[in-house]
Amino acid sequence: MSDQPEQPTGQFQPLEPDATPVQPDVRSGAPAPKGKRNPVVIGLSVLAGVLAIALIVVIGLLVVGPGGTPAADSTRTPSATATAGSTPAPTTTDAAETPAAPVRPTECTQLFPAGYIESLTADGFLALNPEWSLPELATDFFGSNDSALVAVISSNTDRLNCALVKASGGGDVGITTNVLSIDAATQASVIARMNEAGFTCSEETGGTMCFTEVSEDAGTYGERHFVRDGTWIATSWSNTTISGWTQAIVSTLFPA
């Protein structure tokens with residue numbers, strides 16, 4: 001035997017790789033090898049996700065509103081729209097500050113309870129607004145003898161004039177009443193004038209009652225006034241013993 005190693009015979013040829021890649025055997029449960037993901041694809045996917053979340057947030061804000069409350073337009077309740085010429089209803093506060101004036105009667109008999117005038121004229125001596133008094137009723141019969149108060153009464157042509165005087169005419173006997181509407185400033189000035197002139201004034205029946213009486217050799221005469229909520233009842237009398245006249249009118253205009 002020779003000590004030299006045995007030389008291979010023929011030409012050595014390296015093994016060629018198979019042209020077809022070996023597929024992983026999925027039957028054995030072995031995981032398939034993971035390929036590398038493209039960074040561009042990953043970036044686009046992330047950007048798309050961010051945009052989607054931003055879009056959802058924007059839509060939520062539009063629908064719900066920034067404070068977690070529904071947006072004004074999404075749950076708006078239609079409100080009443082004032083039409084041209086409409087008048088707002090008075091509030092309770094307004095009504096309390098400006099009480100409604102009573103409805104003033106158009107006839108003197110309507111100022112008194114039933115039977116009251118009849119009881120005063122039954123004997124025929126006195127009459128309510130007799131024929132002879134009508135021409136002078138609006139110009140000469142005033143519920144006051146105070147010149148300042150007469151000026152206010154005479155300037156108000158929209159007043160009810162009532163005179164219980166002698167049926168036969170003339171004489172210094174009778175009672176005269178004017179019922180008129182005045183504004184708040186006039187009401188205040190009338191009350192101030194009566195206090196200044198020495199009338200006795202007090203709060204009564206929700207208004208102000210003032211009176212005065214004078215006795216002289218020629219007889220007794222006086223005045224009684226009631227002012228409330230823009231209504232003035234002005235009464236003057238001479239040489240009569242009638243009582244309760246003004247109070248009866250007040251009860252009619254301002255029932256309890």
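Which side chain makes a polar contact of 2.7 Å with the side chain of Thr-177? In this predicted model, the partner is the side chain of Trp-245. A second polar contact, also given as 2.7 Å, joins the side chains of Thr-177 and Thr-235. Thr-177 sits in strand β3, which covers residues 174-181. Its relative accessible area is 0%, under the 20% cut-off, so Thr-177 counts as buried. Several residues touch Thr-177, leaving out those up to four places away in sequence. Among them are Leu-160, Asn-161 and Cys-162. Ile-233, Ala-234 and Ile-249 also touch Thr-177. So do both polar partners, Thr-235 and Trp-245.

Strand β3 leads on to the pockets. The largest pocket has a volume of about 380 Å³. Its lining holds 23 residues. Closest to the pocket centre are Asp-172, Gly-174, Ser-236, Trp-237 and Ser-238. Three elements give two or more residues to this lining: β3, β6 (219-228) and β7 (231-238). By class, the lining of the largest pocket has nine nonpolar, 11 polar and three charged residues.

The second largest pocket has a volume of about 160 Å³. Here 13 residues form the lining. Arg-224, Trp-237, Ile-242, Ser-243 and Gly-244 are the closest to the centre of the second largest pocket. Trp-237 is also listed among the closest to the centre of the largest pocket. At least two lining residues of the second largest pocket come from each of β5 (207-216), β7 and α7 (245-253). Five residues of this lining are nonpolar, six are polar and two are charged.

Next comes helix α5, residues 147-155. Its buried residues are Leu-149, Val-150 and Ile-153. Seen down the axis of α5, these buried residues fall within an arc of 100°, so they line one face of the helix. What packs over them? The cover of the buried residues of α5 includes the strands β2 (159-166), β3, β6 and β7. Helix α6 (184-196) is also part of that cover. The face turned away from the buried side carries Ser-147 and Ser-155, both exposed. At the N-terminal end of α5, Asp-146 acts as a cap. One of its side-chain oxygens lies 3.1 Å from the backbone nitrogen of Ala-148.

Two serines remain. Ser-133 is found in the loop between β1 (126-128) and α4 (134-137). Is this loop residue buried or exposed? Ser-133 is buried, because its relative accessible area is 0%, under the 20% cut-off. A polar atom of the Ser-133 side chain lies 2.8 Å from the backbone oxygen of Pro-130.

Ser-202 belongs to strand β4, residues 200-204. With a relative accessible area of 37%, Ser-202 is partly exposed. Setting aside neighbours within four places in sequence, Ser-202 is in contact with Gly-207, Thr-208 and Met-209. Phe-226 is 24 residues from Ser-202 along the chain. The C-alpha atoms of Ser-202 and Phe-226 are separated by 9.8 Å.

Note on methods:
Residues numbered from 1 in each chain as written. Predicted model: local features only at pLDDT ≥ 70, side-chain atom pairs only at ≥ 80, totals over all residues. Heavy atoms only, no water. Helix = DSSP H or I, 4+ residues; strand = E, 2+ residues; numbered from the N terminus. Buried < 20%, exposed > 50% of the residue type's maximum accessible area, 1.4 Å probe, protein only. Polar contact = N/O pair within 3.5 Å; in protein donor to acceptor, adjacent residues only side chain to side chain. Contact = heavy atoms within 4.5 Å. 1 Å grid on protein atoms, 1.4 Å probe; cavity = no way out; pocket = protein on both sides within 12 Å on 5 of 7 lines; lining within 4 Å. Points joined across faces, edges and corners; volume = space filled by probe spheres on them. Nonpolar A, V, L, I, M, F, W, Y, C, P; charged D, E, K, R; others polar. Arc of directions from axis to C-beta.
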